[in-house]
Amino acid sequence: MRDTNEHLDKLMQELRRGTLTIGVLSQLYEPQYGYSLVSLLEGKGFPVEAGTLYPLLRRLEKQGLLESQWDTNETRPRKYYLLSESGKLVFDQLVAEWEDMVGNLDNLLKSKGGL
Amino acid sequence: MEIIERYVYAVTQLLPPSQREDIAKELRGLIEDMLDERVQDGEITEKHVEEVLVELGEPRKLANKYRGMKRYLVGPELFDHYVMVLKIALISTSVVIGVSFIISIILDPPSILQSFISFIISLVTGLPMAFGWTTFAFAIIQFAGNTHLKRKELQPKRRWSPSDLPPVPHPKGRVKRGEAITGIIFYIICITVFVFSGDYLGVWLFDAGKFKEVIPFFNEEYYGYYVLFILLIFGFGMIKECLKMIYGRWTMKLVLFTLVVNIISIIGLLFIIAEPNIWNPNFMAQLVDSGLLTAHSETYTTIRSVWEQTTLWLLILFLFALVWDIADGFIRVRKGR
């Protein structure tokens, strides 16, 4: 039983990793800084570790999907991230693909064992 | 809090300098945000800080996530070859050094202590040298491979297609593993012998069945000079054998590389030969002194003319071997198609 749990954990990890980017992108039509995004995602039932999210934001910025800006007016400096124009395009396409995938997978799950 | 700075430093230290400052600033902000959320309006204690840092995890792992990809001196694709060549290099170096130790104590039992000391010295310098050069060679192969891959990725939309697959090489076009390994061992033995046991290269003199001395072929004063070129020539030769083993087949590229290496070797050899003083100038006289030869006898004249023409013949032999090496490679590429 412990083995099954371990496998399940691993599989869940992979599943979450795959959906992480789309989840993050979806919340960046408004500028967010890293930790506000952590709380936001957690509040919506999509918990992400800060140690995973921060590097991801940077990577997405490097890929040009996000834009960033330092805000130094508040008590502590914060780096705000926002979807870039190309990021919005990519996100829309991702959503379409995702919906496709969900539909197809649902069909698969309904017909278990090919019945 | 000092421990926060320590954490930030530990993470950013593992990142490229250009990103350090920005990531450090963001990390500090993150840690403060996490602390705020934990304590609300209360006081921040060390325990809180510790909890937060534990939640963020080991600095090394966090830095890895920031870096995204792993970097290697010798990557996983080359690693098996690397370990194998490393084993060969270390084993053959130790064997050569060990054998020359045994020979020296057989030849000259009274100075066993001295032989032992020089044996230890040879091991301590020779093994790291073998390790260092092997690693260096593989790091270069890895680096060259990386830049090649990067350039490929930069090409716009070039898709891989099955027609890119090279044909399975005809058995004649394959590099025999044993051949490459033998080559590597040969080069290592040569290097080790030249570097550590150069004093034994010569005519061995025995007196009543006991070893007396060596009449060296080489001029000891110019030892450093040719050892340098010998290292160069054999070192490149070793890289060539390693590449053969990694590619596993004869390709035009490999032949070209062989060509370049062999041209360098020939130039190195010319440098050695351009210095007539590398040979022991008193070789003939020493032979006569030792009583092995009588001056002006027939044998003396023969040996003398052989000795004087050695350079030329060695050069011709070496040139022939190097040209043959290239021609052979070329033929194998042809046949392998």
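## A walk through chains A and B

From the N terminus on, chain A runs α-β-α-α-β-β-α. That pattern holds 4 helices and 3 strands, and what you're looking at is a predicted model. Of the 115 residues in chain A, 19% are buried. Among contacts in chain A with a separation of 6 or more, residues 24 or more positions apart account for 39%.

Let's begin with the strands. How are the 3 strands of chain A ordered in their sheet? The order is 1-3-2, in an open sheet with antiparallel pairing. Strand 1 and strand 2 of chain A sit at the edges with a single partner strand each, so one side of each has no neighbour in the sheet.

Now take the pairings one by one. Strand 1 of chain A covers residues 32-33 and strand 3 covers residues 78-83, and these two pair in the antiparallel sense over 2 bridges. Here Tyr33(A) faces its opposite number in strand 3 of chain A, Tyr80(A). Over on the other side there's strand 2 of chain A, residues 66-71, which pairs with strand 3 of chain A over 6 bridges, again in the antiparallel sense. Which residue of strand 3 of chain A stands opposite Gln69(A)? That's Tyr80(A), the residue that also stands opposite Tyr33(A). If you follow Tyr80(A) in the viewer, then, you'll find Tyr33(A) across from it in one pairing and Gln69(A) across from it in the other. Another opposed pair is Asp71(A) with Arg78(A) in strand 3 of chain A. As for the connection, strand 2 and strand 3 of chain A form a hairpin, with 6 residues between them. One general point to keep in mind while you rotate the sheet: in a regular strand, side chains alternate between the two faces of the sheet.

On to the helices of chain A. Two packed helices are described by the angle between their axes and the distance between the axes. For helix 2 (residues 34-43) and helix 3 (residues 50-62) of chain A, the axes come within 10 Å and cross at roughly 125°. Helix 2 and helix 3 of chain A are therefore oblique to each other, and helix 2 of chain A passes helix 3 of chain A in a right-handed crossing. Which residues meet there? From helix 2 of chain A come Gly34(A), Tyr35(A), Leu37(A) and Val38(A), and they meet Ala50(A), Leu53(A), Tyr54(A) and Leu57(A) of helix 3 of chain A. By class, the contact of helix 2 with helix 3 of chain A has 7 nonpolar residues, 1 polar and no charged.

Chain B is next. Read along its sequence, the pattern is α-α-α-α-α-α-α-β-β-α-α-α-α, which comes to 11 helices and 2 strands. Chain B has 337 residues, of which 21% count as buried. Among its contacts between residues at least 6 apart in sequence, 75% join residues at least 24 apart.

A helix pair worth a look in chain B is helix 1 (residues 2-12) with helix 4, which pack at an angle of about 45° with their axes 8 Å apart. That angle makes helix 1 of chain B oblique to helix 4 of chain B. What is the handedness of the crossing where helix 1 of chain B passes helix 4 of chain B? The crossing is right-handed. Helix 1 of chain B brings Tyr7(B), Ala10(B) and Val11(B) to the contact, while helix 4 of chain B brings Pro59(B), Leu62(B) and Ala63(B). Sorted by class, the contact of helix 1 with helix 4 of chain B has 6 nonpolar residues, with no polar and no charged ones.

Finally, let's see where the two chains meet. There, 13 residues of chain B are in contact with 13 residues of chain A. Which elements of chain B give two or more residues to the side that touches chain A? They're helix 2 (17-39) and helix 4 (59-67) of chain B. Helix 2 of chain B gives the most, with 7 residues. Helix 4 of chain B, then, touches chain A and also packs with helix 1 of chain B. By class, the side of chain B that touches chain A has 5 nonpolar, 3 polar and 5 charged residues.

Terms used
Residues are numbered from 1 along each chain as its sequence is written. Chains are lettered from A and ligands numbered from 1 in the order in which they are written. This is a predicted model: local features need pLDDT of at least 70, side-chain atom pairs count only at pLDDT 80 or more; totals for chains, interfaces and linings use all residues. Two residues are in contact if their C-beta atoms, placed from the backbone, lie within 7 Å. Ala, Val, Leu, Ile, Met, Phe, Trp, Tyr, Cys and Pro count as nonpolar, Asp, Glu, Lys and Arg as charged, and the others, Gly among them, as polar. Two strands pair if DSSP finds at least two bridges between them. A residue is buried if 20 or more other C-beta atoms lie within 10 Å of its own, exposed if 12 or fewer, and partly exposed in between; C-beta atoms are placed from the backbone. Axes are lines fitted to C-alpha atoms, for helices over the stretch in contact, and angles run from 0 to 180 degrees between N-to-C directions. Angles under 35 degrees count as roughly parallel, over 145 as roughly antiparallel, 65 to 115 as roughly perpendicular and the rest as oblique. A crossing is left-handed if the near helix is turned anticlockwise from the far one by less than a right angle, and right-handed if clockwise.
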